[in-house]
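Student: Hey, can we go through this one together? I'd like to start with the pocket.
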Amino acid sequence: MSLKPVVIPVDDGRVGRVTGRLMRPPDATVLYLLAHGAGAGMHHAFMESMAQELAERRIATLRYQFPYLEAGRRSPDPPTRLQATVRGAARSALELAPDLPLVAGGKSLGGRMTSMAQAAAPIDGVRGIVFLGFPLHAPKRPGDKRAEHLFEVKVPMLFVQGTRDDLADLRLLTPIVERLPATMHIVDGGNHSFKVPKRSGRTDADVMTEVAEAIERWVAGVV
């Protein structure tokens, strides 16, 4: 297993760069460009665990920071800068692992910014998008406007969603997914971070394994 720190240029009209981490198992078959959510960066326990679980399934990951967290700020950058970061990370992924097929996406905000970038103009090399909790709406404010751009995305998509996710009412998201070139994997009892109630008898590790296996199955059918 190799873990390589990388520097990723961000080109949105301003000079900038962010850091990343490439985790590549020796027998990797695909590279997943894995962006973080709004409140926690690439070193969050969820991101670390997800990368490790995927590596055990021959899926390499390139995790990376968005500029606002790289600079120690809490408020996300404008969408244009976030999407420019996604594109910069994708270019770096192709340079770092030109032999591996590329899928992209990530946790919550990271997945949404990836799909918005892809909808605006296809990202070079990206064969599919994996959402780890698509943030369809704000908590307790159901709506589907955040999904409108998804109909401009032409690559296959995988939505991994929890049944208790207060940022994605499945009654709204399910019919949208059914109209897309997409698949959904439901984590029973999972919230937006895929945490399940203790009474379920399942651990965080159990759920992370489930999510990684769902990604593994989906990737096998896409690349």
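Tutor: Sure, and keep in mind that this is a predicted model. Helices α1 (45-55), α4 (109-120) and α6 (204-222) each supply at least two residues of the largest pocket's lining.

Student: How much space lies in that largest pocket?

Tutor: About 470 Å³. The lining has 23 residues, and the closest to the pocket's centre are His44, Phe46, Lys107, His192 and Ser193.

Student: And how many of the lining residues are nonpolar, polar or charged?

Tutor: The lining splits into 11 nonpolar, 7 polar and 5 charged residues.

Student: OK, switching to aromatics. How many aromatic pairs are there?

Tutor: The count is 5. In one of them, Phe131 and Phe134 sit edge-to-face, 5.1 Å centre to centre with 85° between the planes.

Student: Are those two buried or exposed?

Tutor: Phe131 and Phe134 are both buried.

Student: Why does the pair of Phe134 and Phe159 count as edge-to-face?

Tutor: Their planes are at 70°, and over 60 counts as edge-to-face. The ring centres are 5.8 Å apart. This pair links distant parts of the chain, 25 residues apart: Phe134 is in the loop between β6 (126-132) and β7 (157-162), while Phe159 is in strand β7.

Student: Which residues end up in a cluster through ring pairs?

Tutor: Phe131, Phe134 and Phe159.

Student: Last topic, the largest nonpolar core. Which members touch the most others?

Tutor: Among its 46 residues, those are Leu31, Leu33, Tyr64, Leu150, Met157 and Phe159. Helix α3 (residues 79-96) gives the largest share, 6 residues.

Technical notes: Residues are numbered from 1 along each chain as its sequence is written. This is a predicted model: local features need pLDDT of at least 70, side-chain atom pairs count only at pLDDT 80 or more; totals for chains, interfaces and linings use all residues. Side-chain values use heavy atoms; hydrogens and water are left out. A nonpolar core is a set of buried Ala, Val, Leu, Ile, Met, Phe, Trp, Tyr and Cys residues joined through side-chain atoms within 4.5 Å. Buried means under 20% relative accessible area, exposed over 50%, partly exposed in between (1.4 Å probe, protein chains only). Helices (H or I, at least four residues) and strands (E, at least two) are DSSP runs, numbered from the N terminus. On a 1 Å grid over the protein atoms alone, a cavity is a set of points where a 1.4 Å probe fits but cannot get out, and a pocket is an open set with protein on both sides within 12 Å along at least five of seven lines; lining residues have an atom within 4 Å of a point. Grid points are joined across faces, edges and corners, and a volume is the space filled by probe spheres set on the points. Ala, Val, Leu, Ile, Met, Phe, Trp, Tyr, Cys and Pro count as nonpolar, Asp, Glu, Lys and Arg as charged, and the others, Gly among them, as polar. Rings of Phe, Tyr and Trp (its six-membered ring) pair if their centres lie within 6.5 Å; planes under 30 degrees apart count as stacked, over 60 as edge-to-face and the rest as tilted.
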